[in-house]
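Q: I am new to this structure and would like a close look at a single part of it. Please take one strand and describe its surroundings.

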Amino acid sequence: MTAKRIFITGASGCIGHYIAEALIQETNHELFLLVRNPEKLKFDYDARPGITIYQADLREIEQCDSFLKTINVAILAATAWGGQQETFDINVVKTLRLMELLDPTVCEQVIYFSTASILARNNQLLKEAGQLGTEYIRSKYDCMKRLSKLAIAPKITALFPTLVLGGDSNKPYSHLSAGIPDVAKWASLIRWFKADGSFHFIHGKDIAQVVKHLVDYPPPENLTGETEGILKNQLVLGNAPITANRAIEELCAYLGKQIYFRIPLSLWLANILIPLFRIQMAAWDRFCLDYRHFTYQNPVNPETFGLPTYCPTFTDVLKISGIK
C-alpha cells in the first residue's frame, strides 16, 4: 500500500499513544507528530525512518501553513480539558484553523476526535451538552456545529469515543482506567445495590485499530452536503452497551463475591438526599443523573471492520486493568 503523509495531534495523550504506536509498528506511512513536550512520548519514535516530531503548541499552527498543504491524512486527537479560554482556543478555534490550512485536493481524510457526550441516543447532537456541559463538552459541541462549514468538510470523519480505557507502563492511563482499581475496592458494598443506567466503553488499542483501518480505507466523501452539526461520516466508538447492573454482576463474579439480594437505587431517593444533605451538583452532573442511559446507535469497534477486538467485555476490562 502506498505510504501516506500523516499529521497527528495529541500523540502524547492516552488515545494518541495507541494510535502512534499502531501506525509506527504496523504501517510504513510517513508520520508527523505535533507535540508540546516530546518528553511525554513513551513510545519509540526512532523505531523506524519516516517519523518526525514537531515541538510546538497547537495555538501556533499557522507556522505549519505550507507544510500542512502536503498532508494526505490528518488525525486530530489533541484536546484541552479545562480553563475556559484555553479549552475554547484549542478545541475550537485552532482545531478549525488547522483544518482550514489543509489542501482539500491533497488531503484524503481528516479524522477528528470529538466525544460521545455531545450526542443523544439517536446519534444527533444533544442540545443539553451545548447548554449544560463542562467547558470541554461545550467546546466539542461548538466545534462540531462548525465543521460542516469548512471546505474540507466532505473529507472529515468525526469519531465519538464512548468511555475510554487504556494505559500501561508505556502509555498514560485514561481517567476511567485510573479509577477502576478504586471501584473494585468497593465491590463488597456495591453488590448490594441495583442502579438504572447503561453505557458503552472502548479500549485505546481498539480505537487505534479503527483509526489505522480508516487511514488505509477512507470512507467515501460526503458529496451530498451537510446540515449544521451533522456530517455523513460520523462514527461512535464503543462496544455493545452494558447496563450498570450487568457491570456490577461481572465485577462480583470476577472477584468471587456472591450477590444474595440487591436494593434498587431509585432516582426519587437521590432527589431527596441531594437537597437534604445540601449536595452541590453541577448542572451537567445533575443532567447525567437524570439521563442515565448513555447509549448510541450502531457503535463501531474493530469487529465492525472484520478485525479482532482487544477488549470486548467488561470482564476483559478487569483483566486488562490488573484487578486481582
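Which residue in strand 2 is the bridge partner of Ile-8?

A: The model discussed here is predicted. The bridge partner of Ile-8 in strand 2 is Leu-33. That pair belongs to a longer arrangement: strand 1 (residues 5–9) runs parallel to strand 2, and the two are paired over 5 bridges. Helix 1 (residues 14–26) joins with these two strands in a right-handed β-α-β unit.

Strand 2 also pairs with strand 3 (residues 51–55), again in the parallel sense and over 5 bridges. Here Leu-31 has Ile-51 of strand 3 as its bridge partner.

As for exposure, strand 2 is mostly covered, with 5 of its 6 residues buried. In soluble globular proteins, nonpolar side chains tend to be buried together.

The largest nonpolar core has 48 residues, and those touching the most other members are Phe-7, Ile-61, Leu-68, Met-99, Tyr-112, Leu-147 and Ile-156. Strand 2 (30–35) is one of the elements that each supply at least two residues of this core; others include helix 3 (84–101), strand 5 (109–113) and helix 5 (135–147). Apart from this core lies another, of 33 residues, and among its members are Ile-6, Leu-31, Leu-33 and Val-300. The two bridge-paired residues named above, Leu-33 and Leu-31, are thus both listed in the core of 33 residues.

In a regular strand the side chains alternate between the two faces of the sheet.

Technical notes:
Residues numbered from 1 in each chain as written. Predicted model: local features only at pLDDT ≥ 70, side-chain atom pairs only at ≥ 80, totals over all residues. Heavy atoms only, no water. Core = buried A, V, L, I, M, F, W, Y, C linked by side-chain atoms within 4.5 Å. Buried < 20%, exposed > 50% of the residue type's maximum accessible area, 1.4 Å probe, protein only. Helix = DSSP H or I, 4+ residues; strand = E, 2+ residues; numbered from the N terminus. Pairing = 2+ DSSP bridges. Right-handed = clockwise from strand over helix to strand, strands pointing away.
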